[in-house]
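Here's a quick briefing to keep open beside the viewer. It goes through a sheet, the ligand's surroundings and a couple of backbone oddities.

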Amino acid sequence: MTRVGTELELSVDDVAHGGWCVGRHDDQVVFVRHALPGERVRVRITERTSRFLRGEAVEVLTASPDRVEAPCPFAGPGKCGGCDWQHASLDAQRRIKAKVVADQLHRIAGIDREVVVEELPGHPDGLGWRTRVRFAVDRDGRPGLRRHRSHDIEPVDECLIAHPGVTELGVTDAVWKDVRDVEAVASASCADRAVVVTPTGSKLGPLPELKASSAVLRRFKGGRVQSVRGRRGVRETVAGHEYRVSAGGFWQVHPAAGEVLTEAVMDALAPKPGETALDLYCGAGLFTRPLAEAVGPQGRAMGVESGAEAVRDARYNLRDLEQARIEQGDVAAQMREWADVRADVVVLDPPRAGGGAEVVRLLAGTRPRAVAYVSCDPATLARDLAAFDGQGYALADLRAFDAFPMTHHVEMLAVLVKRGTSK
Ligand SMILES: C[S@@+](CC[C@H](N)C(=O)[O-])C[C@H]1O[C@@H](n2cnc3c(N)ncnc32)[C@H](O)[C@@H]1O
């Protein structure tokens with residue numbers, strides 16, 4: 001029996017979803033971090049289940065030509081769990097992600113498709129892009145990042161994937177007494193910054209001075225966020241429009257992602273004046289706004305979002321477009337209420353858990369000619385594509401974007417059309 005802590009030599013030849021390489025030991029599958037396909041490595045076992053082992057490559061015996069020196073000193077076995085592929089060239093990272101997406105589509109949805117992961121503009125070294133970073137704080141008040149699959153905190157003095165606007169706040173140089181975590185947020189332009197602090201107890205004590213001025217917000221248990229000082233949100237500009245985005249709400253963390261995804265979604269759906277567009281899981285209205293502009297005053301753009309602050313932001317961001325309407329609530333519940341609505345085009349951009357079979361069925365019931373499904377998880381995307389297939393919707397196009405360099409995460413856009421029709 002292979003125990004946790006054992007070290008083994010093995011060859012890894014494949015990749016798996018989640019930042020793992022795959023090897024075998026005595027007919028048992030071993031998922032290995034910090035390795036690359038084609039490498040022979042010495043692996044320390046970190047976890048054992050009845051079906052497989054998990055481990056990390058503590059020594060590389062035969063290196064892949066794709067291997068590079070990790071730019072971050074906190075990346076590596078036993079260290080920060082934030083990045084998965086710092087030791088791979090950016091080109092290799094994108095090939096690995098493409099393979100993972102293609103594998104998930106094949107295994108879960110029976111779809112065979114070549115996938116290319118596209119580079120986003122800016123940040124050619126894959127660093128300095130992340131406009132929101134949540135630091136965990138240890139008992140002594142020192143901020144850091146969680147180790148992989150652990151509650152332990154790796155103290156860091158800088159996160160290299162963090163946007164300069166985040167780094168300039170100096171969150172990691174400060175001591176955060178009685179704080180559980182602190183999220184640093186910067187707008188892509190660096191014009192606005194905020195820190196969102198979660199206290200360990202019921203009270204928020206005095207906070208350290210930061211190097212750059214910022215709003216301060218407090219996160220309560222359950223996720224509600226309240227401003228302590230300064231404005232509640234940051235301003236982001238996409239396609240020439242300024243959006244207000246709550247510091248505690250959702251916004252794409254890569255500065256180029258909003259623009260690239262908006263263009264890709266609008267190209268895919270090509271909404272026409274007078275049409276009805278739905279934007280499910282609409283957040284602050286990133287896609288609702290261009291949809292509303294495209295369908296014009298004779299059309300309708302209807303967004304659904306559960307977060308109260310995001311709903312307030314979305315309504316504010318769309319205040320000048322009377323054809324736009326935002327409903328607050330759960331998407332499935334809203335879709336049940338909209339059983340009689342007929343849509344022409346739909347954007348579906350759920351959290352990692354995906355939309356699920358019920359949302360797909362209810363959405364298909366609105367009989368849209370095209371659906372743009374924006375997803376950050378290839379497994380739930382594949383599951384939902386299978387559900388769409390059952391509802392008569394075929395995958396017409398799939399794009400993938402490297403919106404999270406150095407990590408295993410990838411953003412995808414799947415375009416679905418009703419079978420028997422063209423887009
Ligand atoms: C991936 S974000 C997308 C937001 C937006 N489309 C964007 O790109 O900025 C998913 C959003 O869905 C919201 N959400 C999560 N579960 C939901 C549900 N069951 N019903 C409605 N909205 C939900 C979250 O608050 C979040 O704003």
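Two strands count as paired when DSSP finds at least two bridges between them. With that in hand, look at Val 195, whose bridge partner in S12 is Val 216. Keep in mind that this is a predicted model.

**The sheet**
- Strand S11 (residues 193-199) and strand S12 (residues 215-219) run parallel, and four bridges join them.
- Both belong to an open sheet of seven strands, ordered S9-S8-S7-S10-S11-S12-S13, and the pairing is mixed.
- Strand S9 (153-155) and strand S13 (225-229) sit at the edges with a single partner strand each, so one side of each has no neighbour in the sheet.
- From one strand to the next, the twist averages 35°.

**Around the ligand**
- The ligand has 19 residues around it, and those that come nearest are Tyr 281, Gly 283, Ser 306, Gly 307 and Asp 349.
- Sorted by class, that shell holds twelve nonpolar, four polar and three charged residues.

**Positive phi outside glycine**
- As background, most residues other than glycine have a negative phi.
- Arg 149 goes the other way, with phi near 50°; you'll find Arg 149 in the loop between strand S8 (143-146) and S9.
- Ala 270 also has a positive phi, about 40°, and its place is the loop between helix H3 (257-269) and strand S16 (276-280).
- Are these two buried or exposed? Arg 149 is exposed, with 12 other C-beta atoms within 10 Å.
- Ala 270 counts as exposed too, because it has 12 C-beta neighbours inside 10 Å and the cut-off for exposed is 12 or fewer.

How values were computed
Residues are numbered from 1 along each chain as its sequence is written. This is a predicted model: local features need pLDDT of at least 70, side-chain atom pairs count only at pLDDT 80 or more; totals for chains, interfaces and linings use all residues. A residue is near a molecule or strand if its C-beta atom, placed from the backbone, lies within 6 Å of it. Ala, Val, Leu, Ile, Met, Phe, Trp, Tyr, Cys and Pro count as nonpolar, Asp, Glu, Lys and Arg as charged, and the others, Gly among them, as polar. Helices (H or I, at least four residues) and strands (E, at least two) are DSSP runs, numbered from the N terminus. Axes are lines fitted to C-alpha atoms, for helices over the stretch in contact, and angles run from 0 to 180 degrees between N-to-C directions. A residue is buried if 20 or more other C-beta atoms lie within 10 Å of its own, exposed if 12 or fewer, and partly exposed in between; C-beta atoms are placed from the backbone.
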